Amino acid sequence: MNRISHWIDGKVVEGTSGRSGVVWDPATGTQQAAVDLASVAEVDHAVAVAKAAFPAWRATNLSRRAEVMFHMRELVDANRKEIASLISKEHGKVLGDALGEVARGLENIEFACGIPNLLKGGYSEQASTGIDVYSIKQPLGVVSGITPFNFPGMVPMWMFANALACGNTFILKPSEKDPSTSMLIGELLKQAGLPDGCFNVVNGDKVAVDRLLDHPDVAAISFVGSTPIAKYIYETGTRNGKRVQALGGAKNHMLVLPDADLDMAADAAVSAAYGSAGERCMAISVVLASEAIADSLVAKIKDRIPAIKVGPASESESEMGPLITGEHRDKVAGYIAGAAGEGATLVVDGRQGAPGGGFFLMPSLIDNAKPGMACYDDEIFGPVLTVTRISGYQEGLQLINDNPYGNGTAIFTRDGGAARQFEFDVQVGMVGVNVPVPVPVSYYSFGGWKASLFGDTHMYGPEGVNFYTKTKVVTSRWPDPRTSSVDLGFPQNR
Ligand code: NAD
């Protein structure tokens, strides 16, 4: 049985806890590896290594840190296929989708190559006579990233690129369901010239996470995962005095106005709902269809579903892979089974016709979903698209703003005024105008509102740089024999 251990101090370190987790092959439903689950002592060792590496890395000049990021950029670019294959193998998503994930992750390494520019502070000459004031951004120390199963390459890249470039050292605790990509990232960072100990991977479960949350030498935690765990991480981490950004789950609505191009809207809904088997935090899970066009839109979505090729990533024609585990597949199937009993209409039942063996489900379409039904209220995180019929813009907006989540949303319309009003009104962090999956480019920042994010800073981009640095303001005066005198008054501008 293939065994996945930890990456600490620039090398693979075998676990000693005696505990391990199952890494499934979602396409066959069989176990493909066992992953070591770290003990408290193993986490402590990784943190001690990262702490020891911090002073030298922090003192490494900006050009050199940028150079490591440039090398890493080249290595990830050269190894796109290998990284994507590893993602597909453990996650199950098809190769084209995994390549997209690598490309969007790589953007964040490219952004971090500009770290000398990003860390420039402000300078005010002559703030007072003979006194200059300037601000500098300094790293926090040992920081940690805890990541979900659904983007085993991209989400770690959201975090470590900026964290390391800012001068921190890093402990990554990836999802125990697909941990191998993180181990490869460790090897690539070493090849890129990152000193040993600056980037470490601790594989594990709640035991490892809880130790990171209460370890006094961990200064900050970036988390991405489900809302209940995000809330727990935020509350526990901040109570322990850490800086925390914790991104949670989602229920993303796509509002389709009567004037929208319905073929474009149907293509977008199908792509955004069923891509990656719906296991994306930015997937569209609800279409809000204005009554005037709802029948037509539902028919267009239904017509497109049979053409989706569901199969393993190993088959090049596959467009949608399996779900991550059998347990998760059964949970998603439960929502489909329950929909009709709740009063919704099951238009396409994805429990029929899935390939055998793995954790597959076919795409499902549920019409007439409403608040109060589990298929509408819960984050299903599978290939299930629900449609809610609305009277028009105002009702659609109200539903989105009443939803506890606020990660992503999209409006489909030809009316620029309506789209602009939507941008202004909607209580959601990332908004698409005729764009169904509006994941911001790396030089903006990623984050939802409401129960989709706990903390003040969004992930990556300029807010990522702020998250991983502390600002220090220096007020400086050099001796000038012409102005020196004793003055017991409170310093003020002169
Ligand atoms: P998850 O919350 O189950 O796990 C995320 C991480 O937390 C993993 O590393 C896991 O080991 C750890 N964890 C799980 N249970 C824990 C516990 N009780 N105590 C401490 N740590 C624990 O999430 P997942 O199933 O891996 O990922 C899917 C979820 O992530 C979905 O809800 C999805 O919307 C969300 N997600 C959000 C974003 C975003 O940017 N907002 C991006 C990707 C995924």
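Two residues are in contact if their C-beta atoms, placed from the backbone, lie within 7 Å. The exercises below concern a predicted model.

**Exercise 1. Determine which side of helix 12 is buried, and what covers the buried residues.**

Solution.
1. Helix 12 comprises residues 326-339. Its 14 residues should span 20 Å at 1.5 Å a residue, and the end C-alpha atoms are 20 Å apart, which agrees.
2. A residue counts as buried if 20 or more other C-beta atoms lie within 10 Å of its own. In helix 12 the buried residues are His328, Arg329, Val332, Tyr335, Ile336 and Ala339.
3. These residues cover an arc of only 115° around the axis, which puts them on the same side of helix 12.
4. The general rule is that an α-helix has 3.6 residues a turn, so residues three or four places apart point the same way.
5. The cover over the buried residues of helix 12 includes strand 15 (345-348), strand 16 (364-367), helix 13 (374-377) and strand 17 (384-390).

**Exercise 2. Describe how domain 1 and domain 2 are arranged, and locate the ligand with respect to them.**

Solution.
1. Domain 1 consists of 2-248 + 452-474, and domain 2 of 252-433.
2. The distance between their C-alpha centres is 31 Å.
3. To the contact, domain 1 contributes 17 residues and domain 2 contributes 23 residues.
4. On the side of domain 1 that touches domain 2, helix 3 (80-91) and helix 4 (95-112) are the elements that give two or more residues. That side divides into 7 nonpolar, 7 polar and 3 charged residues.
5. Both domains give residues to the shell around the ligand, so the ligand lies between them.
6. There are 26 residues around the ligand, of which Pro148, Gly225, Ser226, Gly249 and Cys281 come nearest. The shell comprises 11 nonpolar, 10 polar and 5 charged residues.

**Exercise 3. Characterise helix 4 by its length, its buried residues and its packing partners.**

Solution.
1. Helix 4 has 18 residues and reaches 26 Å from first to last C-alpha, close to the 26 Å expected at 1.5 Å a residue.
2. Its buried residues include the charged residues Asp97, Glu101 and Glu107, and also Leu106, Ile109 and Phe111.
3. The buried residues of helix 4 pack against helix 2 (62-78), helix 3, helix 5 (115-118), helix 6 (154-165) and helix 16 (461-467).

**Exercise 4. Classify Asp44 as buried, partly exposed or exposed, and relate Asp44 to His215.**

Solution.
1. Asp44 belongs to helix 1 (residues 40-59).
2. Asp44 counts as partly exposed because it has 14 C-beta neighbours inside 10 Å.
3. Asp44 and His215 are 171 residues apart in sequence, yet 7.8 Å apart in space, C-alpha to C-alpha.

Notes: Residues are numbered from 1 along each chain as its sequence is written. This is a predicted model: local features need pLDDT of at least 70, side-chain atom pairs count only at pLDDT 80 or more; totals for chains, interfaces and linings use all residues. A residue is near a molecule or strand if its C-beta atom, placed from the backbone, lies within 6 Å of it. Domain bounds come from an automatic or database domain assignment. Helices (H or I, at least four residues) and strands (E, at least two) are DSSP runs, numbered from the N terminus. The expected span of a helix is 1.5 Å times one less than its number of residues. A residue is buried if 20 or more other C-beta atoms lie within 10 Å of its own, exposed if 12 or fewer, and partly exposed in between; C-beta atoms are placed from the backbone. The arc is that of the directions from the helix axis to the C-beta atoms.
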